[in-house]
Amino acid sequence: MGLKQRKIETNAGIQNELTVELFDQFARGMRDKGWNGVESFIKAGITGGRVLEIGPGPGYVGLEWLKSAKNATLTGLEISPAMIRIAEGNAKEYNLAHRVSYTQGNCMSMPFPDYCYDAVFSNGSLHEWEDPILALREIHRVLKPGGIFCISDLRRDVNLLTKGFLYFSARPKEIRPGMLTSLSAAYTIKEAEQLIASSNFQEILVHKDFCGLTVSGRKPR
Ligand SMILES: C[S@@+](CC[C@H](N)C(=O)[O-])C[C@H]1O[C@@H](n2cnc3c(N)ncnc32)[C@H](O)[C@@H]1O
C-alpha cells in the first residue's frame, strides 16, 4: 500500500490552552529522556552567537541548547501566545531568562530586519508551516552572510514499526492522537528535497534519520 498524501494539521500553530498544557508535559518528558534534538544543531555548527529558534513551543529544545552555548543569545519566534507564556516560565526555571526572549509572530513573515542572526534552528515545527519555501526565504533574509540554519522534524515516510514506537512512547497518552496528525502532516524525504530545490540557498542538504529529517544549510558569505 502506498504512502498517504500529506494532510495539513494546522496553519495557525498550537493555540488551544489544553493542547499547549499537554504539549508542555510531553516536551518536558522528552527533555528528561534526553530526546531533544540539540545534537543535530550542534553538529550543523550552531554553537553560539545571536540565534533564532522558530516554533520553540514550551522552549525546552532551545533552552537545552542555550545551556550549552555559554555566550549565545536566543530569540524564539512563536506563533502561539499560549506557548510563549509557558516558554517564558520555563526560561525562568532554567535561569536563562536574561539570554532568551520570545516574540509572537509567523515565520512566513518574520518581524526582524535583514542579516541579524548568526544561525537559525527549529525542531518539530516545519510540518505546521503553511508555506515552507517562504519560511526558507525568510530564514535566508534574516541570516548574516555565512550564517547557518538547521531544521529538524518528523517525517511521514517512517516505517510502521517506527510509527508505533513514536505513538506508544508519546506521553501523556492524550497527546498520542496529535502524534499521528503531526506524522500525517510531516514531509517525506523526497518532498523535503523538492522544497529545498525551490529555496534560494545554494548549500542546503536533507538528512534522513530514524524517525525524522533534518534540513540544514549555509548562506553564502
Ligand atoms: C510541535 S511544536 C514543537 C515545539 C518545540 N520546538 C519542540 O520541539 O518541543 C511546533 C511549534 O511551532 C509553532 N508554530 C507553528 N507554525 C508556526 C509559524 N508559522 N511560525 C512560528 N511558530 C509556529 C507552534 O505553535 C508550536 O509551538
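**Reasoning from the values of a predicted model**

Trainee: In this predicted model, what makes the pairing of Asp 32 with Arg 31 a salt bridge?

Mentor: The closest N and O atoms of Asp 32 and Arg 31 are 2.7 Å apart. A salt bridge requires a side-chain nitrogen of Lys or Arg within 4 Å of a carboxyl oxygen of Asp or Glu, so the pair qualifies. In general, side chains of opposite charge can pair when their charged atoms come close.

Trainee: Why is Arg 31 called buried?

Mentor: The relative accessible area of Arg 31 is 18%. Buried means under 20%, and therefore Arg 31 is given that name.

Trainee: Is Asp 32 then buried or exposed?

Mentor: Asp 32 counts as exposed, because its relative accessibility is 54% and the cut-off for exposed is over 50%.

Trainee: What makes the pair of Arg 85 and Glu 17 a salt bridge?

Mentor: Their closest N and O atoms are 2.8 Å apart, which satisfies the limit of within 4 Å.

Trainee: Which parts does this pair tie together?

Mentor: Arg 85 lies in helix H4 and Glu 17 in helix H1 (residues 17-33), so the pair ties together parts that are 68 residues apart in sequence.

Trainee: Why does Glu 17 count as exposed, and why does Arg 85 count as partly exposed?

Mentor: Glu 17 has a relative accessibility of 52%, and exposed means over 50%. Arg 85 has 49%. Partly exposed covers the values between buried, under 20%, and exposed, over 50%, so Arg 85 counts as partly exposed.

Trainee: Why is Ala 82 called buried?

Mentor: Ala 82 has a relative accessible area of 5%, and buried means under 20%, so the term applies. Ala 82 lies in helix H4 (residues 81-93). Leaving aside its neighbours within four places in sequence, Ala 82 is in contact with Gln 15, Glu 17 and Val 20.

Trainee: What makes Lys 144 and Asp 118 a salt bridge?

Mentor: The closest N and O atoms of Lys 144 and Asp 118 are 3.1 Å apart, and the limit is within 4 Å. This pair links distant parts of the chain, with Lys 144 in strand S5 (residues 143-154) and Asp 118 in strand S4 (residues 117-123), 26 residues apart.

Trainee: How many helices and strands does the protein chain have, and how do you know that it is as compact as a globular protein of that length?

Mentor: The protein chain has eight helices and seven strands. Its radius of gyration is 16 Å, close to the 17 Å that the globule rule gives for 221 residues, so the chain is as compact as a globular protein of that length.

Note on methods:
Residues are numbered from 1 along each chain as its sequence is written. This is a predicted model: local features need pLDDT of at least 70, side-chain atom pairs count only at pLDDT 80 or more; totals for chains, interfaces and linings use all residues. Side-chain values use heavy atoms; hydrogens and water are left out. Helices (H or I, at least four residues) and strands (E, at least two) are DSSP runs, numbered from the N terminus. Buried means under 20% relative accessible area, exposed over 50%, partly exposed in between (1.4 Å probe, protein chains only). Contact means heavy atoms within 4.5 Å. The radius of gyration is taken over C-alpha atoms; the globule rule is 2.2 Å times the number of residues to the power 0.38.
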